Amino acid sequence: MTPPPESSGPGSSAPGASAPGSPVSVADDRSAVTGRRRIAFAVHTDRDGLPGLATLIRSLALSNPGVCEDLVVLHPGLPDSSFDAARRLHPRLVTRRAEDRTDVFRLEGYDTVVALTPAMVVLGALDELLRMRHGVGAVRQVLCAGEAGERRAVLPDGLLVIQRADVDDALADRLGDATGDDLGPALTGALVELDARYDFLARRLHDDTPVPGHVAVLRFTGPVGTDAPGYGPATEARRRFELGDEEFRAAYCALPGRKHPDLLAHCAPPLLAARPSLDLARTVADVHRQQGRYDEAVAVLAPVVGDRLDAPRCHETLGVCLMALSRYDEAEAHLLLAAASPDVAPRAFAQLARLAWLCGRDAEAHAYAREGLDADPTNGGCHGWYVRTRPRVPEPRRPDADADADAADDAARQLAHVALFAEGQENAGDKVLPEAVRSCFDTDTGPRRWYGQPVHRLVDEEALEQLNARRGIVVGGGGLFLPDTSPNGNSHWQWNIPNDLLARVSAPLAVFAVGYNVFDGQLYRRSRFAESLRVLVERSAFFGLRNHGSIDRVRELLPAGLRDRVRYQPCPTTVARHLDPERFASVERSDTVLVNCAYDRAGLRFGHDYGHFLTQMATALRSLRDRADVRYAAHMPADEKFVHDLRREHGIALPVEQLYDMSNDIIRGLYGRARLVIGMRGHAGMIPFGCGTPILSLVSHPKLAYFLSDIGRPEWGLSVHDRELGPRLAERASAILDHHAAAVADVHGAQELLWKTTRSNIEELRNTFGPS
C-alpha cells in the first residue's frame, strides 16, 4: 500500500549531497533523527557495461515513473566523464569505486540496496522490492545439473534486495569469499526468496517465446546487444529502451499518472528547450512549484502564457507561483484570466480570495469567495474564505472627543501577537497554541489585551504602524520557519514581512517558541530565508526557539556573531499544567488511549513504508484494545485517512474524536483525561504532555525527536519506519498502562525544566515590554 501522492516537495535526497547542478540545497536530510529509510539502486559496471547501464536507467524510469532513489554506480576506477551519459538520464547518480560487485553488501549510507546489473532491463513495478524490510532478497534460479536433473541457485550476478541491518561483517565476508555460481549457502539464515519475475532469465524464452506480462526484471545472460536467433521478443523488450536522450525525455514526460518530481524536473526542461509547448511549460512549472522554485516556474511559464485566453490552467499555475513570490498585482491579473473558465473558476476564485486576504482587503476577499461559490457551491476553499471574511459587527465607539486618545492609550497597553490563528476545521494544535502563548504573559488572552496580526498577512505600512503602536510584539509559537505552507517572497518563512519594514519595527520584538519545521529530505532554497533570518535576529529583543534541534539548524544559517542570541523557549503547550494549575489540580482519568496520525507531505513522512506502518499499527492496536478504549484523535479532517485505511486494510474500526471541531478547553480536557496518547503530530504529543498525560510519539518529523531529546526521554519515540514498530509500541504502551502513576509522575518531572526555562524567559520579557 502506498501513501497519498506527494504534492509539496521532492522525495529523499542523496545523503549529504544534492544533484549536480541543482539550484536547491539540502535542508535537513538527517535520517538518523526520524529513522527514515535510505534506499538506493546499485549497479556494478566496467567500461563495457556503460551502454547497458544507460539502457537499464531508461527502463527503470519508464517502468517506475514515480520512483527516484539514488542510483549508485560501482566501478573499478573509470574516469568521471565516463558517466556523463548516465547523468543526463538520472538526477541522483552517485559514483563510487569498488573492487567487485560484492561491495553492494557493504554500501555505506543506505539502509536498503537493490542491486541490479547492466544486463537487466526493468519492465514492471518494483514497489514490492522497495517495501521489503528484512534479510537479503534474491531469486533461486533453476539450473541444469546434468544427470542429476535440476538444481536451484542464487546466482552471483542476479538481482538482490539487501537490508544492511541484516548483513553483518561475518555475512559480508562469507559472501565475499563465496565461489562458484551459488550464493545460497553464504546467505543461509538471511535469504528471502523472491518471485522469479524479479530476475527473469531471457534464456528461458527460446524459440521466440513472448516475454510473460508479469515479468518485472528481465536479465540477459549472453552478450548484451546481440540479436541472438530465437530470442526476438526478449531482444525487442530490451530494444524499446535503447533511446536517444531527447526521445527518452519525451517518452517519460508523456507517461500517464504520477511521475516523481525529481525525475520530471530533470527530464522536462531540456525537452522544453528543444520542443517548446504550452502543456509542457505548465508541467515544468508545476514541478518547480512543488519544489518551491517559484521564480523558475514563473520564468518557464510567463513567456509562453502571456495573456492568452485559451490557457486557464496555465494562468492559474502562474498566478499561484507569482503569489508565492509576493508579486500580488501580477498574480491577481493571471488568476482573473483563469477565473474566466468555468472549469477553473472555483479554484481560481479561492486563490483570489486568499490573495486579497493576504493583502488586507477583506471585502474583496469575501466578494471573490462569493463568486467562487456561485460557480461551484460545494467548493471548500471558497466556502472557507467566505466564512473567514464575513463582515464583523464593529465595536461601539465612544462619541466623545477623547475616544481617539483612549484608543491610542488602549493600543499602548496591548501586546501584538503575530501567529497562525486557525479557524474552522483547521489544525486543532494551531488553535490551542496561540492561546497558550498568550497565557504565558497574561491570564486575559482576549482582544482587550492582545492585538492579533495573522502571520501570513502582508505587513504593509498600515500594518507596521499598528504593530509599532503596541508595547511589544510576540511572534509565535509554532513551526513558522517553514518554506512551503503559505510561501511568500518577502521572508521565505511564514511571517510575510519585507526586510525594510522588519528593520523599521520599533516596538520590542520577541520571537517566542518558534520551530524549524523542515522534514528529513525536504529541499528548498535557503539564501533568502537566511537573509531575512539575520535581520530578524538583529532586530529581536528576544529570540527563543522551541527545541534544541531547531536552535542548531538556525544557528547554522546565521553569522557567527548572531548565533549566541538564539535561545531555548519550549512550546507553551508543554507547560499547560503550570499556566492553569486549577484546571489540572485534580484529573479523573478515563480508561482511554488516544491515537493520532498525520498525512501532510505523506511522501516525506513515510517514503515507501506506509503499508508497513499501517500493518505494524494494526498489530499494536489489536493488543491495546484488549485493555483500553482505543480512540482516534483527528487534529484535521485529513488525519482521518488513518481510520479509513486501517478499517479497509485490516478490519479495525476506531471511534473518532474530531478535535478540529472542538473548543480549546474541550481539547485540553480530552487529552488531560486520557491514560495515554500515541501521536504523530507535534501537538498530539506536546498538548497531552502539557496536561500531564503520558505520551508515545510516532516519529515521522524531526521535531518530535527534538522535543523528546530536550526532555531526556528519547525512549518515548518510535520511528514510523521501525521494522518492529508494532510489537515495540504495544510493549511500551502496556508498560505505561501497567505503571500509570509512575508514568504520570515521570511526565510531571520532565516538565520542571521546561517550566523553569519558560518562567525565567517570561520574567525577562515582562521587563522588556514594560508594564501593561
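Student: Is helix α28 (residues 702-710) mostly covered or mostly open?

Tutor: To read cover along a helix, go through its residues and ask which are buried. In this predicted model, α28 is mostly covered, with seven of its nine residues buried.

Student: Which residues of α28 are buried?

Tutor: The buried ones are P702, K703, L704, Y706, F707, L708 and D710. The list includes K703 and D710 as well as L704, F707 and L708.

Student: What follows α28, and what is the sign of its phi?

Tutor: G712 follows the helix, and its phi is positive, near 70°.

Student: Where does L698 lie, and is it buried or exposed?

Tutor: Burial is read from relative accessible area, and the cut-off for buried is under 20%. L698 is in strand β26, which covers residues 695-699. Its relative accessibility is 0%, so L698 counts as buried.

Student: What is L698 in contact with, beyond its neighbours within four places in sequence?

Tutor: Contacts of this kind show which parts of the chain meet at a residue. L698 is in contact with N596, C597, F613, M617, I678, G679, M680, L704, L718, V720, L725 and L729. One of these, L704, is also among the buried residues of α28. Another, F613, is one of the residues with the most contacts inside the largest nonpolar core.

Student: How many residues does that largest core have, and which have the most contacts inside it?

Tutor: The core has 120 residues, and those with the most contacts inside it are F441, F481, W495, F613 and F642. Apart from it lies another core, of 100 residues, among them V215, A250, L325 and V344.

Student: What surrounds F481, leaving aside its neighbours within four places in sequence?

Tutor: F481 is in contact with W493, V514, G515, Y516, N517, V518, F529, L533, L536, F543, L545 and V554.

Student: How should separation in sequence be set against separation in space?

Tutor: Put the two values side by side for a given pair. V114 and G137 are 23 residues apart in sequence and 9.0 Å apart in space, C-alpha to C-alpha. L698 and A653 are 45 residues apart in sequence and 20 Å apart in space, again C-alpha to C-alpha.

Student: Where is V114, and what does it touch?

Tutor: V114 is in strand β5, residues 112-116. With a relative accessible area of 1%, V114 is buried. Not counting residues up to four places away, V114 touches A40, F41, A42, L130, L160 and V161.

Student: In which loop does T45 lie, and is T45 buried or exposed?

Tutor: A loop position has to be checked for cover in the same way as a strand position. T45 lies between β2 (39-44) and α2 (50-63). T45 has a relative accessible area of 3%, so it is buried. Beyond four places in sequence, its contacts are L50, L53, V73, L74, H75, P76 and P118.

Student: How does the radius of gyration of the protein relate to that of a compact globule?

Tutor: The expected value depends on chain length. For 772 residues a compact globule would be near 28 Å, and the protein has 29 Å, which agrees. The C-alpha atoms fill a box of roughly 110 × 70 × 55 Å along the principal axes.

Student: How many helices and strands are there, and what share of residues counts as buried?

Tutor: There are 30 helices and 27 strands. Of the 772 residues, 57% count as buried. Among contacts between residues at least 6 apart in sequence, 72% join residues at least 24 apart.

Methods. Residues numbered from 1 in each chain as written. Predicted model: local features only at pLDDT ≥ 70, side-chain atom pairs only at ≥ 80, totals over all residues. Heavy atoms only, no water. Core = buried A, V, L, I, M, F, W, Y, C linked by side-chain atoms within 4.5 Å. Buried < 20%, exposed > 50% of the residue type's maximum accessible area, 1.4 Å probe, protein only. Contact = heavy atoms within 4.5 Å. Helix = DSSP H or I, 4+ residues; strand = E, 2+ residues; numbered from the N terminus. Rg over C-alpha atoms; globule rule 2.2 N^0.38 Å.
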